[in-house]
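Let's walk through this model together, from its nonpolar interior out to a couple of unusual backbone angles. Have your viewer ready.

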Amino acid sequence: MIRLRPAEERGWANHGWLDTRHTFSFAHYYDPAHMGFRSLRVINEDWIQPGTGFDTHGHRDMEVISFPVSGSLAHRDSTGAVSVIHPGSVQRMSAGRGIRHSEYNASETDAAHFLQIWILPQREGLVPGYEQRDFAPGAWRGTFGLVASPDGAQGSLTVHQDVRLYVLQLEADRETSYDLSPGRHAWVQMVSGRILLNGSALKSGDGAACSQEGELRLRGLDAAQLLLFDLA
């Protein structure tokens, strides 16, 4: 079964410095039919204006992943981590028993576009932590590149939950597939372009909840990038 989440039906807010779309209920956007999927709690697509960003604020008991699409994002947190991420980088912050951080557009001239993802951890009260990986150009072209997993396999980020996050870049008219093990579920989140997923058309910003699907078949309708979450 595949249940689509069209981009245009997401929650939306524009704060001037921040234009954001919410796949699931978040902040002032509440929809009881879209509270998350399995351990996946938040997918926000954010555009941050130059020289602006999120002032220092706190989180608890959440695995927070940032995936830059364009531009760059400056991160600072109470563990002492200071970094700048850009397309090809992926960042994981474990809020655990409490962490404070800020995120700013690192450019004074160009907007930053990124996905912010929250995953519920397997248990509360973890030690806060930060991790970043820079992946090689082309690492996700035509193949599912593992970027986060419970055990840090294949040089991926370590997340404290039974979830594996993959990135795929698929060219037009190219096909690939992903085998979903019995009892597993998947969420596909489109970053850009268009694909067919088991015959269903998805475009940039769309999402799809996949359950009881042994095989996910993907074909590029044009050049596309997507995230695939393999979830318990």
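What follows goes from the cores to a histidine and then to two loop residues.

A quick note on ground rules: this is a predicted model, where local features need pLDDT of at least 70, side-chain atom pairs count only at pLDDT 80 or more, and totals for chains, interfaces and linings use all residues. Residues are numbered from 1 along each chain as its sequence is written, and side-chain values use heavy atoms, with hydrogens and water left out.

Start inside. A nonpolar core here is a set of buried Ala, Val, Leu, Ile, Met, Phe, Trp, Tyr and Cys residues joined through side-chain atoms within 4.5 Å; buried means under 20% relative accessible area, exposed over 50%, and partly exposed in between (1.4 Å probe, protein chains only). The largest such core has 25 residues, and L40, W187 and F229 are among those with the most contacts inside it. Strands (DSSP E runs of at least two residues, numbered from the N terminus) feed this core: β4, β11 and β22 are among those supplying at least two residues each. Another core, of 20 residues, lies apart from it and includes Y166 and L180.

Now look at H75, in strand β7. H75 counts as buried because its relative accessibility is 3%. Its side chain makes a polar contact (N or O atoms within 3.5 Å, one able to donate a hydrogen and the other to accept it; residues adjacent in sequence count only if both atoms are side-chain atoms) of 2.7 Å with the side chain of D77, and another of 3.5 Å with that of Q91.

Finally, the backbone. Most residues other than glycine have a negative phi. R38, in the loop between β3 and β4, has a positive phi of about 55°, and so does Q154, in the loop between β13 and β14. R38 is partly exposed at 48%, while Q154 is exposed at 70%.

Terms used. Helix = DSSP H or I, 4+ residues; strand = E, 2+ residues; numbered from the N terminus.
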